[in-house]
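Reader: I should be grateful for a close look at the buried interior of this predicted model. Please treat the cysteines, the nonpolar cores and the aromatic rings in one connected account.

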Amino acid sequence: MANSFTRMMTGRNTAVMMAMGAGTLASAFLLNDNTAAAERRRFYPPSADYPDLRKHNNCMASAMTPTIYAHLRDKATPNNWTVDQCIQTGVDNPGHPFIKTVGMVAGDEESYEVFAELFDPVIKDRHNGYDPRTMKHPTDLDSSKVTSGMFDERYVLSSRVRTGRSIRGLSLPPACTRSERREVERVVVTALSGLKGELAGRYYSLGEMTEREQQQLIDEHFLFDKPVSPLLTAAGMARDWPDARGIWHNNQKNFLIWINEEDHTRVISMEKGGNMKRVFERFCQGLKKVEHLIQERGWEFMWNERLGYILTCPSNLGTGLRAGVHIRLPLLSKDPRFKKILENLRLQKRGTGGVDTAATGDTFDISNLDRLGKSEVELVQLVIDGVNYLIECEKRLERGQDIKIPSPIAQFKSFPKQRDEL
Amino acid sequence: KAIMPFGNTHNNFKLNYKVEEEFPDLSKHNNHMAKVLTKDIYAKLRDKQTPSGYTLDDVIQTGVDNPGHPFIMTVGCVAGDEESYEIFKELLDPIISDRHGGYKPTDKHKTDLNFENLKGGDDLDPNYVLSSRVRTGRSIKGYTLPPHNSRGERRAIEKLAVEALTSLDGEFKGKYYPLKSMTDAEQEQLISDHFLFDKPVSPLLTCAGMARDWPDGRGIWADEEDHLRVISMQKGGNMREVFRRFCVGLQKIEEIFKKHNHGFMWNEHLGYILTCPSNLGTGLRGGVHVKLPKLSTHPKFEEILTRLRLQKRGTGGVDTASVGGVFDISNADRLGSSEVEQVQLVVDGVKLMVEMEKKLEKGEAIDGMIPAQ
């Protein structure tokens with residue numbers, strides 16, 4: 001792929017270019033352009049600023065060392081984003097003894113390069129041994145490759161695929177200024193207004209929607225709230241709320257885009273029932289159309305070979321894809337083998353309110369665990385095959401038959417299995 | 001002065017965008033900052049920064065993120081260091097004037113911590129006045145303030161404060177409890193003594209960056225919203241004794257900091273420099289928990305408070321409601337009058353209100369007692 005710096009030179013105003021400075025984007029520069037910064041380094045060596053992570057349990061805390069911090073503290077991305085800003089959320093949120101959160105965010109695309117010494121081990125930890133230094137991430141949005149994507153609707157109530165996309169050249173939600181955030185909104189909304197047919201739709205700005213529109217969007221479960229989770233607020237993502245935030249959806253209400261919440265955009269395709277294939281088709285089609293529309297104006301999505309699609313949280317790198325269903329499994333969910341079956345199928349369960357909610361009754365949100373190292377097609381197929389397996393199990397239990405725990409799915413099918421990392 | 005790592009470190013990058021593109025949308029806002037900030041002021045100040053790197057956007061972020069409170073007119077901005085009040089004068093002076101009753105940029109603030117100048121105050125009726133308390137804040141010169149400081153700096157402030165405090169003796173001898181290594185037993189004790197402060201959850205504070213790295217560098221006696229919050233309190237109505245201990249303790253602490261070459265931030269115009277402009281001047285809130293079940297339901301209660309230059313809060317502090325007719329009554333002013341003057345207002349005002357309460361208990365009218373303004 002062409003150097004991202006040169007791509008930015010097409011179709012955008014030169015003021016933004018000059019701010020990026022000379023030299024390639026991948027290089028960091030030290031905060032050394034004036035004596036005040038040098039003085040600071042003399043007064044407070046990195047050890048004085050090193051965070052106290054002894055009570056912490058997140059990926060950042062596991063990877064951070066005084067040496068890494070000393071190497072990175074005085075560096076900055078071309079947008080002047082620092083490692084302290086990346087890790088603030090992980091310092092402020094020690095974590096849960098049972099759930100391991102990531103504990104750091106990127107402020108811009110370059111963060112992943114400039115602070116690679118810290119991001120790479122965090123990525124490896126979170127994405128089951130994926131090594132950004134040696135591996136490549138496959139992108140595949142050809143929905144025609146997916147098979148058996150129609151679920152038994154006596155069990156599957158709804159199907160959904162989501163991902164995120166970032167606009168190259170603009171800082172990410174933790175770091176963006178008000179004007180950058182407004183630019184994201186402008187770029188995306190302009191592109192979306194070019195969608196036609198079953199994808200044609202409308203934008204609702206959070207700050208300007210009427211009471212009635214708001215109630216409608218809440219009832220349809222489309223509206224997103226100002227983040228209250230300290231994981232997000234400590235990363236600065238709620239700044240200036242609700243400025244430049246909004247929701248776009250098509251007239252059919254099965255293709256939805258969130259603007260400037262936790263990422264520049266979150267793209268969601270969903271419908272009631274079990275037609276995952278159709279959901280994924282619309283997903284791929286919509287994504288490709290939007291990408292084409294922004295490219296016409298000289299913009300593009302953040303993407304590279306190492307990390308796939310670049311998003312704010314390292315946990316969403318790669319495909320950023322979560323494909324899932326709301327499914328009723330009254331018998332299977334009570335079987336002691338349920339957890340192990342999910343684990344081997346590389347699936348996870350959540351309550352139907354989403355992450356951090358508990359299941360109500362026998363209905364679960366089942367989706368893929370992985371994001372990076374497998375393509376979109378591979379992950380959606382994995383969910384389809386896995387959910388079909390779960391339905392088979394449920395049916396067998398209904399008939400009084402026994403079920404089997406499936407053998408674990410291989411990691412990183414595209415690459416030689418790295419035994420010592422599994 | 002060192003450059004701090006947090007805050008809007010890409011201020012120069014932002015200057016490539018026009019003022020209109022960066023200017024915050026304040027159309028739904030109701031705080032002092034929103035009332036004062038114009039595109040002109042924003043244009044003049046956006047390329048400035050203090051020596052430690054604090055910028056205009058840092059100052060106003062909390063006010064942008066918190067449009068307002070239905071009952072309280074919040075300030076909507078904070079200082080990141082002493083120099084903020086100079087460099088961003090054009091924004092902060094009108095806010096200070098609005099918040100502190102017309103205080104002008106040329107006005108001088110008087111400091112008076114001589115407790116002997118207080119008249120009376122040792123005889124508030126303990127049947128009504130349950131407890132008395134005086135608090136203020138102090139900032140240590142040469143360091144940046146809680147919205148801006150790095151972990152290294154916050155720890156240096158803690159170290160200095162602890163050195164100063166542990167060298168106190170006599171009635172001021174005490175112990176430092178760092179928040180991050182407190183035992184459960186110590187925590188229980190401090191909660192039941194009403195000493196323990198919590199990690200700030202109010203978005204007014206979190207949006208200004210004051211909860212970063214919690215609980216690192218925090219302890220009882222040091223570093224919540226300001227470098228130091230100093231509190232003197234006891235049960236009952238002897239405000240005079242509370243104020244004496246407050247003044248004497250403060251002066252002893254200040255002496256020690258001066259010996260270490262780090263006095264308190266203070267100047268003639270703004271008095272003691274604190275993080276929130278609402279606490280400039282004395283930074284003093286002197287008050288009592290007092291039972292006023294009848295007076296508080298009197299139609300003129302609010303007016304009486306205003307004329308006495310007092311304010312009411314619930315007994316949980318700011319933002320809480322009163323419980324069982326017990327109110328927290330304290331001075332409303334901070335800037336433009338001295339510590340002695342402010343505490344005198346509390347003493348005289350509370351005495352009067354207790355007399356009113358007693359009259360109302362006997363079924364008598366209080367109209368003759370209401371002060372003229």
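**The buried interior**

Author: B:Cys77 has a relative accessible area of 2%, which means that this residue is buried, the limit being under 20%. The sulfur of B:Cys77 has its closest cysteine sulfur in B:Cys276, at 7.0 Å, and this is too far for a bond because a disulfide requires sulfur atoms within 2.5 Å. Over all chains of the predicted model, the number of disulfides is zero. In chain A, A:Cys284 is likewise buried, at 1% relative accessibility.

The largest nonpolar core comprises 60 residues, and A:Ile167, A:Met276 and A:Val387 are among those with the most contacts inside it. Elements of chain A that each supply at least two residues of this core include β3 (156–165), α13 (276–296) and α15 (376–398). The largest share, 10 residues, comes from α15(A). Beyond its neighbours within four places in sequence, A:Met276 is in contact with residues including A:Phe151, A:Val161, A:Val325 and A:Ile384. A second, separate core has 54 residues, among them B:Leu118 and B:Tyr272. The ring of B:Tyr272 also has the charged end of B:Arg138 over it, 3.4 Å from the ring centre.

Aromatic pairs number 11 over all chains. One of them joins B:Phe23 and B:Tyr42 edge-to-face, with 5.5 Å centre to centre and 90° between the planes. B:Phe23 lies in the loop between α2 (19–22) and α3 (32–36) of chain B, and B:Tyr42 in helix α4 (residues 39–45) of chain B, so the pair ties together parts 19 residues apart in sequence. B:Phe23 is buried at a relative accessible area of 13%, and B:Tyr42 is buried at 1% relative accessibility.

Methods. Residues numbered from 1 in each chain as written. Chains lettered and ligands numbered in written order. Predicted model: local features only at pLDDT ≥ 70, side-chain atom pairs only at ≥ 80, totals over all residues. Heavy atoms only, no water. Core = buried A, V, L, I, M, F, W, Y, C linked by side-chain atoms within 4.5 Å. Buried < 20%, exposed > 50% of the residue type's maximum accessible area, 1.4 Å probe, protein only. Helix = DSSP H or I, 4+ residues; strand = E, 2+ residues; numbered from the N terminus. Contact = heavy atoms within 4.5 Å. Phe/Tyr/Trp six-rings, centres within 6.5 Å; stacked < 30°, edge-to-face > 60°. Lys NZ or Arg CZ within 6 Å of the ring centre and 35° of its normal.
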